[in-house]
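Biologist: Please take one part of this model, the metal site and the chain around it, and walk me through it closely. I would like one connected account that also places the site within the rest of the chain.

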Amino acid sequence: MSFTASVITAKDWGAKPPKQWSEITRPQYIIIHHTATPNPPNDASKGTLTGAKEFAKSVQKAHMDGFGWVDSGHNFLNTTTGFLLEGRQGSLAAIVQGRSVRSAHAGNTKGNESPGIENEGTFTTYQMKVLQWNSLVELCASICSSCKISPDNIRGHRDFSPTQCPGDWLYSQLPRLRNEVRQRIDASVEDYLREGSTGTKVKELQQLLKAKGFNPGPIDGIFGSGTVQAVVSFQKFNGLKADGVVGPATWQALSVVPVLPESPPATLSLIDTYKYYRGLPHQDQAIAWLQGQVSKQVLEEFSQKWRDTPSQPFLPLQLGAVSPEVKQLQQRLQQQGLNPGVADGIFGAGTQAAVIAFQKAKGISADGIVGEKTWTTLNLS
Ligand SMILES: [Zn+2]
């Protein structure tokens with residue numbers, strides 16, 4: 001359901017402007033009060049619309065002039081015949097958006113982040129009449145729906161600070177209120193998690209956040225400020241409404257399983273190894289290890305077949321050649337303990353003799369010409 005309660009805005013009942021606009025909050029609770037003013041027939045509002053507006057004005061005056069507050073302390077007022085009036089200005093607009101405004105009804109900083117409903121009367125033993133009760137149910141159901149607050153979180157003022165409010169009788173009716181609200185709202189509201197939620201579902205949420213790289217703090221099943229931050233970051237990152245409330249869209253995004261690289265099969269082919277390890281930090285070690293398992297002969301054959309052919313256009317080198325590669329050849333021959341003469345880049349008789357000696361030693365056809373096989377063997381030796 002949407003916000004269906006009919007609330008008279010502060011502007012419409014002629015409120016004085018606030019001395020200061022109140023900050024927007026993320027409400028967790030709905031807090032129930034009574035005004036501790038006379039019950040019918042001596043009620044302040046006299047059960048009329050005009051009387052309701054006058055009563056709202058007198059409460060605002062008492063709060064601003066008497067207590068020095070910036071505006072009315074409560075967020076909503078419910079009169080004896082069920083007229084609903086906005087209290088602290090900005091409350092209605094914020095609630096419709098799933099938020100509240102900081103108020104001054106709970107006597108407790110945390111409680112003041114949640115909307116407080118003042119019910120006209122004194123409900124110590126006096127029982128609320130049906131019109132007022134129905135408005136209270138409707139307002140609570142509207143707030144629960146728009147702010148995704150579980151009806152379990154409808155509380156009494158005395159749950160937040162030492163007070164008799166909202167009176168023993170009204171306090172005793174909170175379980176009934178919760179039940180009636182629960183029947184009016186979409187069942188899915190119960191599935192929403194938010195700051196203050198607890199239990200295994202919260203733990204599951206924290207585990208999912210952590211697995212996605214968002215740190216919710218301890219995985220303790222308590223939706224605290226760390227979890228709120230992690231949820232908000234996750235929502236921003238995923239292009240969701242970043243309200244810190246976990247509903248179906250956020251759950252769905254959390255449950256998306258990332259595509260992980262396929263596990264290597266039990267028996268690897270070389271091509272699997274290449275594909276799987278490519279780009280990983282230990283790629284070089286993996287390939288180097290594998291190479292160490294392959295015989296030199298196989299590697300030589302591999303090199304000759306696949307590596308050198310297109311990449312060594314200066315081959316073959318033979319008697320009479322003059323080039324930097326000849327110098328390189330001479331240096332390699334020297335490193336092999338052979339004597340090609342001075343490494344001057346000129347393929348003379350001395351170099352040819354050294355090449356022949358090398359080819360003989362390696363079992364390569366001893367023609368004195370440095371082709372693919374000789375070059376590769378020399379460079380791998
Ligand atoms: Zn109270």
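**The zinc site and its surroundings**

Modeller: Proline 41 sits in the loop between E3 and H1, and I start there since that loop leads away from a strand we will need for the metal site. This is a predicted model, and everything that follows should be read in that light. The peptide bond that joins proline 40 to proline 41 is cis, with omega near 10 degrees. The loop between E3 and H1 also holds alanine 36, whose phi is near 55 degrees, a positive value in a residue other than glycine.

From this loop we can step back to the metal. The zinc ion has as its protein donors His33, through ND1, His157, also through ND1, and Cys165, through SG, and these lie 2.0 to 2.2 Å from the ion. Read along the chain, the donors follow the spacing H-x123-H-x7-C. Histidine 33 belongs to strand E3, while cysteine 165 belongs to the loop between strand E8 (154-156) and helix H4 (168-172), so this pair ties together parts that are 132 residues apart in sequence.

How far are these two donors shielded, then: is histidine 33 buried or exposed? Histidine 33 has a relative accessibility of 1% and therefore counts as buried, the cut-off being under 20%. Cysteine 165 is buried as well, because its relative accessible area of 8% falls under that limit of 20%.

The loop between E8 and H4 has a feature of its own at this donor. Cysteine 165 is joined to proline 166 by a cis peptide bond, with omega about 10 degrees, and proline 166 is likewise found in the loop between E8 and H4. A cis bond to a proline thus appears both in the loop that carries cysteine 165 and, with proline 41, in the loop between E3 and H1.

Strand E3, which carries histidine 33, also takes part in the second largest pocket, and this open space holds about 260 Å³. Of the 19 residues that line the second largest pocket, His34, Thr35, His63, Phe67 and Glu118 are the closest to its centre. Strand E3 (30-34) and helix H1 (49-66) are the elements that give two or more residues to this lining, and H1 supplies the largest share, with 3 residues. By class, the lining of the second largest pocket comprises 8 nonpolar, 10 polar and 1 charged residues.

Strand E3 has a further role in the picture, this time in the nonpolar interior. The largest nonpolar core has 29 residues, and Ile30, Ile32, Ile117, Cys140, Ile143, Leu177 and Val181 are those with the most contacts inside it. The elements that give two or more residues to this core are E3, helix H2 (91-96), helix H3 (130-147), H4 and helix H5 (174-184), and H3 makes the largest share, with 9 residues. After H3 comes the loop between H3 and E8, where lysine 148 lies; phi of lysine 148 is near 55 degrees, again a positive value in a residue other than glycine. With a relative accessible area of 25%, lysine 148 counts as partly exposed.

The database record offers labels for this part of the chain. An unreviewed UniProt entry gives the annotation "domain: Peptidoglycan recognition protein family" for residues 5-161, a span that in this model is 27% helix and 15% strand, with its end C-alpha atoms 28 Å apart. A further UniProt annotation, "domain: N-acetylmuramoyl-L-alanine amidase", also from an unreviewed entry, covers residues 12-167, and there the chain is 27% helix and 14% strand, with the end C-alpha atoms 30 Å apart.

Two further views set the site in the whole model. The structure holds 1 cavity of 30 Å³ or more, with a volume of about 40 Å³. Its lining consists of Arg26, Pro27, Gln28, Arg194, Glu195, Val228, Asp243, Gly244 and Val245, which divide into 3 nonpolar, 2 polar and 4 charged residues. Farther along the chain, tryptophan 375 lies in helix H14 (residues 372-380) and counts as buried at 4% relative accessibility. Tryptophan 375 and threonine 50 are 325 residues apart along the chain, and their C-alpha atoms are separated by 105 Å.

Key: Residues numbered from 1 in each chain as written. Predicted model: local features only at pLDDT ≥ 70, side-chain atom pairs only at ≥ 80, totals over all residues. Heavy atoms only, no water. 1 Å grid on protein atoms, 1.4 Å probe; cavity = no way out; pocket = protein on both sides within 12 Å on 5 of 7 lines; lining within 4 Å. Points joined across faces, edges and corners; volume = space filled by probe spheres on them. Helix = DSSP H or I, 4+ residues; strand = E, 2+ residues; numbered from the N terminus. Nonpolar A, V, L, I, M, F, W, Y, C, P; charged D, E, K, R; others polar. Donors = N, O, S within 2.8 Å, 3.2 Å for Na, K, Ca; no water. Buried < 20%, exposed > 50% of the residue type's maximum accessible area, 1.4 Å probe, protein only. UniProt positions renumbered as here; feature names shortened; annotations may be inferred. Core = buried A, V, L, I, M, F, W, Y, C linked by side-chain atoms within 4.5 Å.
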